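Open the model in a viewer and follow the stops below. Each stop gives a selection and says what is found there.

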Amino acid sequence: MVRGLEVRNILTVDVEECFHRNDLLLSQQQKELLGTRVVEQTERLISLLKAYGQKGTFFVLGEVAERYPHLVRRLVEEGFELGLHGYHHRLIYEQKKEEFRSETQDAKTLLEEIGGKEIIGFRAPSWSITQRSLWSLEVLADIGFKYDSSILPARAYLGGIPGSNPRIHRREEAEIIEVPPSILKTGCLRLPFSGGLYLRMLPYNFIRYCFNKLNKKGLPAVIYLHPWELDPEIPQLKLNWKGRFALYHNLDKVQAKVERLLGEYSFAPVQEVLEDACSFCGP
Ligand SMILES: [Zn+2]
């Protein structure tokens, strides 16, 4: 196995069903047609990571934890870090502060009770910690989160803060560390490359170029995966072209790319990498 650059990169997974995507606005009937596949999909990803001897952080949606507690326990047994991906996959900037606090606290308690571990990491649905919901960082710190991984330092369809610091850094708003998903930054271009649709669309050699660019500076790449994005068998719905693209584009290509990354680079959970944070924390 070639893992030349000796930097521990960060692997994260958002554990949710494909119908949780906030941009699709699916009807209840469409959700039922898609069915529930998260357990099998996550099991497949666990096996893949085990085969390559890699670890990561799984940000589990409260709804999923509630319905499939055995999946949460499996992740803990296999030595993965648990984080929280919200309760119902609602956009943060559409919630009131107190509503967000109570829902997030409930989901954190639920996940801690099931997993038997303290949860210190949070990932917002659809990068929805934006300029207008930065108040949420104070809430997160207040209820016991030590790090957040929700601020995409680029523009995205439903979220992102294009001018935000792309390196791991301490936030000013609260006692919390931000672990942003990686982007390629050249001139005024800020291009995410490390997960979701970007990982599905971009050629592997380009992703590898971005990884090497960061690792040569001693910086970890932060990738994010969704178990359903490695499942080309998800049922086909009649959607407009945008919906089809968001839900089905290149699902049959993701596993091969992920396997190449797992074979070429070293990955660890967020919490472990943060132990060395002072060596690469940005200002
Ligand atoms: Zn999500």
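Select Ser 126 to begin; this residue sits in the loop that joins β4 to α6. The model is a predicted one. Check the backbone torsions here: phi of Ser 126 is near 55°, a positive value, and the residue is not a glycine. With a relative accessible area of 22%, Ser 126 is partly exposed, because the buried class ends at 20%.

Stay in that loop and move to Ser 133. The loop runs between β4 (121-122) and α6 (135-142), and Ser 133 lies in it. Is Ser 133 buried or exposed? Its relative accessibility is 0%, so Ser 133 counts as buried. Show its surroundings: leaving aside residues up to four places away in sequence, Ser 133 touches Ile 92, Tyr 93 and Ser 128.

Next, select Leu 25, another residue with a positive phi. For Leu 25 the angle is near 50°, again in a residue other than glycine. Leu 25 belongs to the loop between β1 and α1. At 75% relative accessibility, Leu 25 counts as exposed, since the exposed class starts over 50%.

The loop between β1 and α1 also leads to the metal site. Select the zinc ion and display its protein donors. Which residues are they? The donors are Glu 16 through OE, His 85 through NE2 and His 89 through NE2, at 1.9 to 2.1 Å from the zinc ion. Along the sequence, these donor residues follow the spacing E-x68-H-x3-H. Glu 16 is in the loop between β1 (8-15) and α1 (28-34), while His 89 is in the loop between β3 (81-84) and α5 (97-115), so this pair ties together parts that are 73 residues apart in sequence.

Colour these donors by accessibility. Glu 16 has 2% relative accessibility and counts as buried. His 89 has 6% and also counts as buried.

From the zinc site, go to Tyr 87, in the loop between β3 and α5. Tyr 87 counts as buried, at 13% relative accessibility. What does Tyr 87 touch, not counting residues up to four places away in sequence? The list consists of Leu 61, Gly 62, Glu 63, Glu 66, Glu 103, Asp 106, Ala 107 and Leu 110. For a distance to display, take the C-alpha atoms of Tyr 87 and Gln 105: the two residues are 18 apart along the chain, and these atoms are separated by 9.2 Å.

Now select Gly 35, which lies in the loop between α1 and α2 (38-51). At 25% relative accessibility, Gly 35 counts as partly exposed. Apart from residues up to four places away in sequence, Gly 35 touches Glu 17 and Phe 19. Draw a C-alpha to C-alpha line from Gly 35 to Leu 71: it spans 17 Å, for a sequence separation of 36 residues.

The last single residue to select is Gly 160. The place of Gly 160 is the loop between β5 (147-148) and β6 (169-170). Gly 160 has 12% relative accessibility and counts as buried. Contacts of Gly 160, not counting residues up to four places away in sequence, are with Trp 127, Thr 130, Leu 152 and Ala 154. Measuring from C-alpha to C-alpha, Gly 160 and Asp 252 are 27 Å apart in space and 92 residues apart in sequence.

Finally, zoom out to the whole protein chain. It has eleven helices and eleven strands. The radius of gyration of the protein chain is 18 Å, close to the 19 Å that the globule rule gives for 283 residues, so the chain is as compact as a globular protein of that length. Along the principal axes, the C-alpha atoms fill a box of roughly 50 × 40 × 40 Å.

Colour the chain by burial: buried residues make up 58% of the 283 residues. Of the contacts with a separation of 6 or more, 76% are between residues 24 or more positions apart.

Switch to a surface view. The protein chain exposes about 12,500 Å², and carbon and sulfur atoms supply 50% of that area. Then colour by charge: the chain carries 37 positive and 37 negative side chains, with the centres of the two sets 7 Å apart.

Conventions:
Residues are numbered from 1 along each chain as its sequence is written. This is a predicted model: local features need pLDDT of at least 70, side-chain atom pairs count only at pLDDT 80 or more; totals for chains, interfaces and linings use all residues. Side-chain values use heavy atoms; hydrogens and water are left out. Donors are N, O and S atoms within 2.8 Å of the metal (3.2 Å for Na, K and Ca); water is not among the atoms, so sites may look incomplete. Helices (H or I, at least four residues) and strands (E, at least two) are DSSP runs, numbered from the N terminus. Buried means under 20% relative accessible area, exposed over 50%, partly exposed in between (1.4 Å probe, protein chains only). The radius of gyration is taken over C-alpha atoms; the globule rule is 2.2 Å times the number of residues to the power 0.38. Contact means heavy atoms within 4.5 Å. Accessible areas come from the Shrake-Rupley method with a 1.4 Å probe; for residues, only the protein chains shown count as cover. Lys and Arg count as positive and Asp and Glu as negative; His and the chain ends are not counted. The place of a charge is taken as NZ of Lys, CZ of Arg, CG of Asp or CD of Glu.
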